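Please examine the sequence and the model displayed below. The paragraphs that follow lead through selected features in turn.

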Amino acid sequence: MNFFSIHHIAITLMGYEMSWLELLATLFTVACVWLAMKKHILNWPVALVAIVLSYALFYQNELYADSFLQIYFFVASAYGWWYWSRPNAMLEELPVTQLTNSERLIWLVILIFGWIAATYFTMHLNIWWPQ
């Protein structure tokens with residue numbers, strides 16, 4: 001049996017069978033949060049492992065929207081790791097500004113069309129994806 005299969009059970013807690021994949025994803029996620037709380041740069045690679053494990057878990061359970069969300073988390077975490085690894089990254093201070101009315105309109109249109117596209121996409125994932 002594949003170690004990373006959701007059918008490879010690690011433990012049973014109160015009647016719930018937890019696979020090794022789910023257990024490892026949970027442990028790596030908890031470790032990531034703890035490392036982030038300590039402001040340790042290793043939280044980023046630990047997060048990437050947790051995200052990959054979570055992607056596999058969600059994909060195997062046919063939770064395709066959740067698995068695609070892991071792709072965003074992966075990209076954001078890779079960027080975070082890169083940004084934190086830069087020597088002067090935390091010294092840079094960016095000013096907070098407001099959007100102009102035309103920028104607000106552009107972002108509103110992007111938001112509306114993005115929402116419609118994401119809704120259509122997630123509604124059809126189970127049809128497009130193999131069972």
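In which helix is Pro 45 found? Pro 45 is found in helix 2. The model under discussion is a predicted one. Pro 45 has a relative accessible area of 19% and is therefore buried, the limit for that class being under 20%. Computed along the sequence, Pro 45 and Tyr 16 are 29 residues apart, and their C-alpha atoms are separated by 29 Å in space.

Helix 2 comprises residues 43-60, and Val 46 also lies within it. With a relative accessibility of 17%, Val 46 counts as buried. Val 46 and Val 30 stand 16 residues apart in sequence, while the distance between their C-alpha atoms is 9.5 Å. Gln 60 has its place in helix 2 as well. Its relative accessibility is 30%, so Gln 60 counts as partly exposed. A separation of 52 residues in sequence lies between Gln 60 and His 8, yet the two are 12 Å apart from C-alpha to C-alpha.

The loops on either side of this helix merit attention for their backbone angles. Lys 39 is found in the loop between helix 1 (20-37) and helix 2. The phi angle of Lys 39 is near 55 degrees, a positive value in a residue other than glycine. Lys 39 is exposed, because its relative accessible area of 69% is over the 50% limit. Glu 62, in turn, lies in the loop between helix 2 and helix 3. Glu 62 is not a glycine either, and its phi is positive, at about 60 degrees. A relative accessible area of 34% makes Glu 62 partly exposed.

The aromatic residues come next. A search of the whole structure finds eight aromatic pairs. One of them is formed by Phe 68 and Phe 121. A pair of aromatic rings is described by the distance of the centres and the angle of the planes. For Phe 68 and Phe 121 the centres are 5.3 Å apart and the planes stand at 80 degrees; since an angle over 60 degrees counts as edge-to-face, the pair is assigned to that class. This contact links distant parts of the chain, with Phe 68 in helix 3 (residues 64-85) and Phe 121 in helix 4, 53 residues apart. Phe 68 has a relative accessible area of 26% and is thus partly exposed. Phe 121, at 33%, is partly exposed too. Elsewhere, Tyr 55, Tyr 59 and Tyr 64 form one aromatic cluster.

Helix 4 itself can be checked for its length. The helix runs over residues 101-128, and its 28 residues, at 1.5 Å a residue, should span 40 Å; the C-alpha atoms at its ends are 39 Å apart, so the expected and modelled values agree. Helix 4 nevertheless bends by about 30 degrees at Thr 122.

What makes up the nonpolar surface patch of about 850 Å²? The patch is made by Leu 105, Leu 108, Val 109, Leu 111, Ile 112, Phe 113, Trp 115 and Ile 116. An α-helix has 3.6 residues a turn, so residues three or four places apart point the same way. Leu 105, one of the patch residues, has its place in helix 4. Leu 105 is exposed, as its relative accessible area of 53% shows.

Key. Residues numbered from 1 in each chain as written. Predicted model: local features only at pLDDT ≥ 70, side-chain atom pairs only at ≥ 80, totals over all residues. Heavy atoms only, no water. Helix = DSSP H or I, 4+ residues; strand = E, 2+ residues; numbered from the N terminus. Expected span 1.5 Å × (residues − 1). Bend = angle between axes of the 7 residues up to and from the residue. Phe/Tyr/Trp six-rings, centres within 6.5 Å; stacked < 30°, edge-to-face > 60°. Buried < 20%, exposed > 50% of the residue type's maximum accessible area, 1.4 Å probe, protein only. Patch = residues over 30% accessible without salt bridge, like charges linked within 9 Å, V, L, I, M, F, W, Y side chains within 5 Å. Areas by Shrake-Rupley, 256 points an atom, 1.4 Å probe, with all protein chains shown as cover. Salt bridge = Lys/Arg side-chain N within 4 Å of Asp/Glu carboxyl O.
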